[in-house]
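Trainee: Please take me through this chain. I would like the terms explained as they come up.

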Amino acid sequence: MKLKRLLIVGWGSHLESAQAYWREHQPEREITALEVAQTSAPALETPIPGQFSPEDCAIFVAIGVAGMNLARLEMLSKLISLGYHAESFIHRTATVAHTASVGINCWVSENAVIGPGAKLDYNIY
């Protein structure tokens, strides 16, 4: 099954890193970064280009971790309300137990261990 295109929305170094990691792990996938204005409460003032419709494109919100959880959650909520499906990134060296679950828009880094029964709800970095 062909993967949907991925649109990574965010700003700064976290946007650049997310794009690099996704491209390394899924080189066959079309991955595009969309930089939006950096604010503490993003309202998605940058419109999503028409070629990235919710029907053929998944999203990942890449806004840094330092005090930006609420900003990332607001951006994620806005995109979901527009009909987009958010994906999570799990590094190939991470270990995720079969009984663990990872929600949407989560970032699981290199060598991370998600143990049995663990639940990462959503928007976890």
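Mentor: Buried means under 20% relative accessible area, exposed means over 50%, and partly exposed lies in between, with a 1.4 Å probe and protein chains only. Helices (H or I, at least four residues) and strands (E, at least two) are DSSP runs numbered from the N terminus. The model is predicted, so local features need pLDDT of at least 70 and side-chain atom pairs count only at pLDDT 80 or more, while totals for chains, interfaces and linings use all residues. Residues are numbered from 1 along each chain as its sequence is written, and side-chain values use heavy atoms, leaving out hydrogens and water.

Trainee: Why is strand β1 described as largely enclosed by the rest of the structure?

Mentor: R5, L7 and V9 point one way from β1, while L6, I8 and G10 point the other way. Both sets are buried. Strand β1 covers residues 5-10, and it is largely enclosed because the buried count is 6 of the 6 residues.

Trainee: Which strand is joined to β1 by 6 bridges?

Mentor: Two strands pair if DSSP finds at least two bridges between them. Strand β2 (residues 31-35) runs parallel to β1 and is joined to it by 5 bridges. The strand with 6 bridges to β1, also parallel, spans residues 57-62 and is β3.

Trainee: What is the handedness of the β-α-β crossover from β1 to β2?

Mentor: In β2, E35 is the bridge partner of G10. Between β1 and β2 the chain passes through helix α1 (residues 12-25). A crossover is right-handed if, with the strands pointing away from the viewer, the path from the first strand over the helix to the second runs clockwise. The crossover here is right-handed.

Trainee: Which element gives the largest share of the largest nonpolar core?

Mentor: A nonpolar core is a set of buried Ala, Val, Leu, Ile, Met, Phe, Trp, Tyr and Cys residues joined through side-chain atoms within 4.5 Å. The largest one has 18 residues, and L7, V9, I48, I59, V61, M75 and L79 touch the most other members. Two or more residues each come from β1, β3 and α2 (69-81). The largest share, 4 residues, comes from α2.

Trainee: Which residues does I48 touch, not counting those up to four places away in sequence?

Mentor: Contact means heavy atoms within 4.5 Å. I48 is one of the residues that touch the most other members of the largest core. Its partners, with that sequence limit, are L7, V9, L34, L79 and Y84.
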